[in-house]
Amino acid sequence: MRMPILLLSFFAATATAGEGQVFLKDRPGKNQVVAQCAMCHSLDYITAHATILDRAGWEKTVGKMINSMGAPIDDADKRVIINYLAQNYGK
Amino acid sequence: MVDRRDFIKKTASSLAALGGLALLQRSGLAAATRAEASTIVDALSGKEALIKQTSRPPNYETPTHYFDAPFTPNNQFFVRYHNAVIPEVKIGDWRLRIGGDAARTPLEFSLDQLRKDFEQVEIAALCLCSGNRRGLFEPPVPGLQWGFGAMGNALWRGVRLKDVLAGAGIDKSALEVSLAGADSGVLPTTPNFVKSLPLAKALDENTLIAFEMNGEPLPHWNGFPARLIIPGWTATYWIKHLTALNVLSKPFDGYWMKTAYRIPKDRFPSGQFSSQETETAMPITEILVNSLITNLADGQAMTNAKSIEIKGVAWDCGDGIARVEVSTDGGVNWHQAALKQDYGRFSWRQWRWVFEPKHPGQYRIMARATSHSGVSQPLEPIPNPSGYHHNAVQKITIHLA
């Protein structure tokens, strides 16, 4: 787990009770997705877009999270995350 | 007010209890689809069960049948946040700070001072998310897949923004007023949800800093202890947990103005926000004329129905609703509905029409509002990249046996 303890504490602080009911598919890349995306938001943002975003859409969304929303995701993780989302939650 | 540092201290110990990320790493269940996700019902503290779009930040919409009341009760009012750190503000600690390069005298107010120093006024106004009904666009548009319930009508009490700004000595160079609240992103690199208004809208007599909603203090999830009320404009400007106003001589260039909440200029009415317009795009501002049937559901079956009351609400940007028409034959014939009490031009207007079907069968029910400026709803929504301003005529089918 590469996430700094400080960020983990933010995550715990802002998690709400119903959030644990969202489960992502147990496939390669899931750990990176959970670690990076759930830092700032619940994973229902992902499942809600499963029928909406194709690979290009997920690339754009992940790019927005990095470039506009300040997510500290390196290029290697970015590729893993986009692949996971496109393969498991792509239109 | 809880600042970010206190927040870390207070919550670090809860990390162990929550089990950190393990909470979200369990697997085994299939993901909810677009349609299923919109019907997850869940309650936030102090709220009744609402339709959950997302947990964190919390985004919850109000089920349509709650809109039968003229004012949406506080515990049924929708919740919409962009960022997940939402401090529980303590009144004693709360301050509103006013500054900016076009304000000559920086000011600071406690809630008590705001209440005592300025005339208190009340206004009925619809709070409507820009993306309400985004989930109805075809093809689908990314973003929260709202149904009909990212809106609510309330009676807001507070003070006029123009009265509060007057003491700050607004300079001739003033162009916009930026608006910020106490909520923030989890990471310091995430932009805060900061918006701006053109000076004229900030100084409009109907623009309020409200601290009461339907006769009670604002609920935490709706902006306690003070939020902006921008009647006639979509809720993106109605900043919750308001903490800072800056009078600016240049267009505010934060992400939430420059990039987000923008619409193409070529297919919507003028936005009255020229300092934020480009050649092709402008910020979303005024609410479009719209209506909603509140007491019938698409696909509903009824037996022995001789007389069916069709009820709903209609609204616009503040020109006021001139008429609402109802069709029971898919738009061939239209009948004028009765408008109920008028609570002011920024409130929604309730309406009703009684349908007396001659025979059993399937009926295509539609409702269409027209404003006092003569503008009516389109049959299809106006396509735009972010799925805003869905105001197409609603079409529902009922089956009478």
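1. Let's start with B:Pro139, which sits in the loop between strand 7 (120-128) and strand 8 (151-160) of chain B. In this predicted model, the bond joining B:Glu138 to B:Pro139 is a cis peptide, and its omega is about -5°. Most peptide bonds are trans, and that makes a cis bond worth a look on your screen.

2. A second cis bond runs from B:Phe224 to B:Pro225, with omega near 0°. Where does B:Pro225 lie? B:Pro225 is in the loop between strand 12 (216-217) and strand 13 (227-229) of chain B.

3. On to backbone phi. Most residues other than glycine have a negative phi. B:Asn214 has a positive phi, about 55°, without being a glycine. B:Asn214 belongs to the loop between strand 11 (208-213) and strand 12 of chain B. Is B:Asn214 buried, partly exposed or exposed? B:Asn214 counts as partly exposed because it has 19 C-beta neighbours inside 10 Å, and the buried class begins at 20.

4. B:Asn304 is also not a glycine and has a positive phi, near 55°. The loop that holds B:Asn304 connects strand 18 (301-302) and strand 19 (308-315) of chain B. B:Asn304 is exposed, because 7 other C-beta atoms lie within 10 Å and a residue with 12 or fewer is put in that class.

5. Strand 18 of chain B leads us to a sheet. Which strands make up this open sheet, and in what order? There are five, in the order 18-25-24-20-21 (chain B), and their pairing is mixed. Strand 18 and strand 21 (335-336) of chain B are the edge strands, since each pairs on one side only.

6. Here are the individual pairings. Strand 18 of chain B pairs with strand 25 (residues 394-400) of chain B in the parallel sense, over two bridges, and B:Ala301 stands opposite B:His399 of strand 25. Strand 25 of chain B is also joined to strand 24 (residues 361-371) of chain B, by seven bridges and antiparallel; in this pair B:Arg364 faces B:Thr397 of strand 25. On strand 24 of chain B there are also six bridges to strand 20 (residues 321-327) of chain B, again antiparallel, with B:Val324 opposite B:Ala369 of strand 24.

7. Chain B is divided into domain 1 (91-108 + 155-283) and domain 2 (290-400). How far apart are the C-alpha centres of domain 1 and domain 2 of chain B? They lie 32 Å apart. Seven residues from domain 1 of chain B and seven residues from domain 2 of chain B take part in the contact.

8. The largest nonpolar core contains 87 residues, and those with the most contacts inside it are B:Leu179, B:Ile209, B:Ala210, B:Leu228, B:Ile229 and B:Val247. Domain 1 (91-108 + 155-283) and domain 2 (290-400) of chain B both give residues to this core, so it lies between them. As for B:Leu179, leaving out residues up to four places away in sequence, it touches B:Val194, B:Lys195, B:Ser196, B:Leu197, B:Leu228, B:Tyr237, B:Ile239, B:Leu242 and B:Leu245. Apart from the core of 87 residues lies another, of 28 residues, among them A:Ala35, A:Leu43, A:Tyr45 and A:Ala48.

9. B:Tyr60 is another residue to click on, in strand 3 (residues 59-61) of chain B. It is buried, because 26 other C-beta atoms lie within 10 Å and 20 are enough. Leaving out residues up to four places away in sequence, B:Tyr60 touches B:Leu44, B:Leu50, B:Ile51, B:Lys52, B:Gln53, B:Phe78 and B:Val79. The C-alpha atoms of B:Tyr60 and B:Ala210 are separated by 22 Å, with these positions 150 residues apart along the chain.

10. Finally, a helix pair in chain A. Helix 2 (residues 30-37) of chain A packs with helix 5 (residues 75-89) of chain A at an angle of about 110°, and their axes are 9 Å apart. That makes helix 2 of chain A roughly perpendicular to helix 5 of chain A, because angles of 65 to 115 degrees fall in that class. Helix 2 of chain A contributes A:Lys30, A:Gln32, A:Val33 and A:Gln36 to the contact, and helix 5 of chain A contributes A:Asp77, A:Val80, A:Ile81, A:Tyr84 and A:Leu85.

Methods:
Residues numbered from 1 in each chain as written. Chains lettered and ligands numbered in written order. Predicted model: local features only at pLDDT ≥ 70, side-chain atom pairs only at ≥ 80, totals over all residues. Helix = DSSP H or I, 4+ residues; strand = E, 2+ residues; numbered from the N terminus. Core = buried A, V, L, I, M, F, W, Y, C linked by C-beta atoms within 7 Å. Domains from an automatic or database assignment. Contact = placed C-beta atoms within 7 Å. Pairing = 2+ DSSP bridges. Axes fitted to C-alpha atoms, helices over the stretch in contact; angles between N-to-C directions. Parallel < 35°, antiparallel > 145°, perpendicular 65-115°, else oblique.
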